[in-house]
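Let's walk through this one together, question by question. Have the sequence and the model open next to you.

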Amino acid sequence: MKVENNLFIVSGGASGLGRQTVCSLVNKGAYVGIIDINAEASLALVEQLDEKYVHFPGSVDVTSEEQVEQAIQEIKIKFQIIPLVGAVLCSGVLMPPSHIEGYGPKSQLTSYQQFKHIVDINLLGTYNVIQKISNILIQNQPLNEDGERGVIITVSSITGLDGSLVGYGTSKAGIAGLTLPLARELAIFGIRSMCIAPGPFETPISTTAGDMKAPPCLFPSRHGHPTEFADTVIHLITSSMLNGSIIRLDGGLRI
Ligand SMILES: NC(=O)c1ccc[n+]([C@@H]2O[C@H](COP(=O)([O-])OP(=O)(O)OC[C@H]3O[C@@H](n4cnc5c(N)ncnc54)[C@H](O)[C@@H]3O)[C@@H](O)[C@H]2O)c1
């Protein structure tokens, strides 16, 4: 599937990996709709990139079915005949807000409320956006001779694959686990499902990690740059044989 002159929706597009994905997609000639709870940062990005190519329909919490549905419809209306062909699901949180007690080494175990907060946003919120976008993708005319109609790219984490962090890691294991079942259910419509499981990347989310700072990767001995994530997204969009798999993007690091 090609990137240029197609419309993609990026959740979590206001910051970090999602933000760079928005920039890279626009640089490659795509149109992008941002779904994010952070209005200020999203609007700043729209201004930076040009509202002709990027649209932010207002603050959206990915856990709200109504807000997500409304935002997708508004993005569709804004870009009219440009076909919506894919989604990159980058929204997520690492830690629960500090007012929800129970997390960390000073407490016994992640509390149920903390677990629920993270799983609600990371896993259920991701699926909420996927489900609503898929309803649109399945109505697309075939985009190529394979009958491809769209691609869904989710973002897990190596914590989800290597068994680290009860709340965050479990939510990310759920996202990884969704990849193949989703590919199987969407295959008859010509829609692919791929998942990226990053190791540590230099983004604002790492500032919420407190004393749980990730070590450098095996090689290269550093954290990833968001451009390296966005390059992988572009590759997944354009390579039709990539389907139903989880790609570790971690420089060999095991957590
Ligand atoms: N940066 C890393 O080291 C790393 C590693 C592995 C996985 N990830 C995953 O990559 C994704 C992007 O992370 P990032 O590093 O860019 O973080 P980030 O904090 O820079 O960006 C996350 C974005 O999600 C948005 N968001 C949070 N809650 C939301 C909600 N309820 N509704 C809508 N939007 C919401 C935020 O406003 C923000 O724009 C996340 O899913 C994260 O778990 C990041």
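Q: Which pattern of helices and strands does the protein follow along the sequence?
A: This is a predicted model, where local features need pLDDT of at least 70, side-chain atom pairs count only at pLDDT 80 or more, and totals for chains, interfaces and linings use all residues. Residues are numbered from 1 along each chain as its sequence is written, and side-chain values use heavy atoms, with hydrogens and water left out. Helices (H or I, at least four residues) and strands (E, at least two) are DSSP runs numbered from the N terminus, and the protein has seven of each kind. Read in order, they give β-α-β-α-β-α-β-α-β-α-α-β-α-β.

Q: What is the radius of gyration, and why does it agree with a compact globule?
A: The radius is taken over C-alpha atoms, and the globule rule is 2.2 Å times the number of residues to the power 0.38. For 255 residues the expected value is near 18 Å, so the protein agrees with a compact globule at 17 Å.

Q: How much of the protein is buried?
A: Buried means under 20% relative accessible area, exposed over 50%, and partly exposed in between (1.4 Å probe, protein chains only). Out of 255 residues, the buried share is 50%.

Q: What share of the contacts with a separation of 6 or more comes from residues 24 or more positions apart?
A: A contact here means heavy atoms within 4.5 Å. Among contacts with a separation of 6 or more, pairs 24 or more positions apart account for 69%.

Q: How far apart do the centres of the positive and negative side chains lie?
A: Lys and Arg count as positive, Asp and Glu as negative, while His and the chain ends are not counted. Each charge is placed at NZ of Lys, CZ of Arg, CG of Asp or CD of Glu. With 17 positive and 23 negative side chains, the two centres are separated by 4 Å.

Q: Which residue meets Glu 65 in a salt bridge?
A: A salt bridge needs a side-chain nitrogen of Lys or Arg within 4 Å of a carboxyl oxygen of Asp or Glu, and the protein has seven of them. Glu 65 has one at 2.7 Å, N to O, with Lys 132. Glu 65 sits in helix H3 (residues 65–79) and its partner in helix H4 (residues 112–137), so the pair ties together parts 67 residues apart in sequence. Glu 65 is partly exposed at 46% relative accessible area, and the partner asked for is Lys 132.

Q: Is Lys 132 buried or exposed?
A: Lys 132 is in helix H4, and it touches Glu 65, Val 68, Glu 69 and Ile 72, leaving out residues up to four places away in sequence. The C-alpha atoms of Lys 132 and Glu 69 are 6.5 Å apart, although the two are 63 residues apart in sequence. With a relative accessibility of 4%, Lys 132 is buried.

Q: What separates Asp 120 and Lys 116 in helix H4?
A: Their side chains form a salt bridge at 2.8 Å, N to O. Lys 116 is partly exposed, at 34% relative accessible area. The two are four residues apart in helix H4, so what lies between them is about one helical turn.

Q: Which residues do shared salt-bridge partners join with Arg 248 into one network?
A: Start with Arg 248 and Asp 250, whose side chains meet at 2.6 Å, N to O. Arg 248 is partly exposed at 25% relative accessibility, whereas Asp 250 is buried at 7%. Shared partners link Arg 248 into one network with Asp 162, Asp 250 and Arg 254.

Q: Where is Thr 154, and what is its relative accessibility?
A: Thr 154 belongs to strand S5 (residues 150–155). Beyond its neighbours within four places in sequence, Thr 154 contacts residues including Leu 89, Thr 126, Ile 175 and Met 194. Thr 154 counts as buried, with a relative accessibility of 3%.

Q: What is the relative accessible area of Asn 122?
A: Asn 122 is found in helix H4. Leaving aside neighbours within four places in sequence, its contacts include Gly 92, Val 93, Tyr 168 and Ile 175. Asn 122 is buried, and its relative accessible area is 0%.

Q: Which residue does a cis peptide bond join to Phe 219?
A: Look in the loop between strand S6 (191–198) and helix H7 (226–238), where Pro 220 has its place. The cis bond has an omega of about -5 degrees, and it joins Phe 219 to Pro 220.
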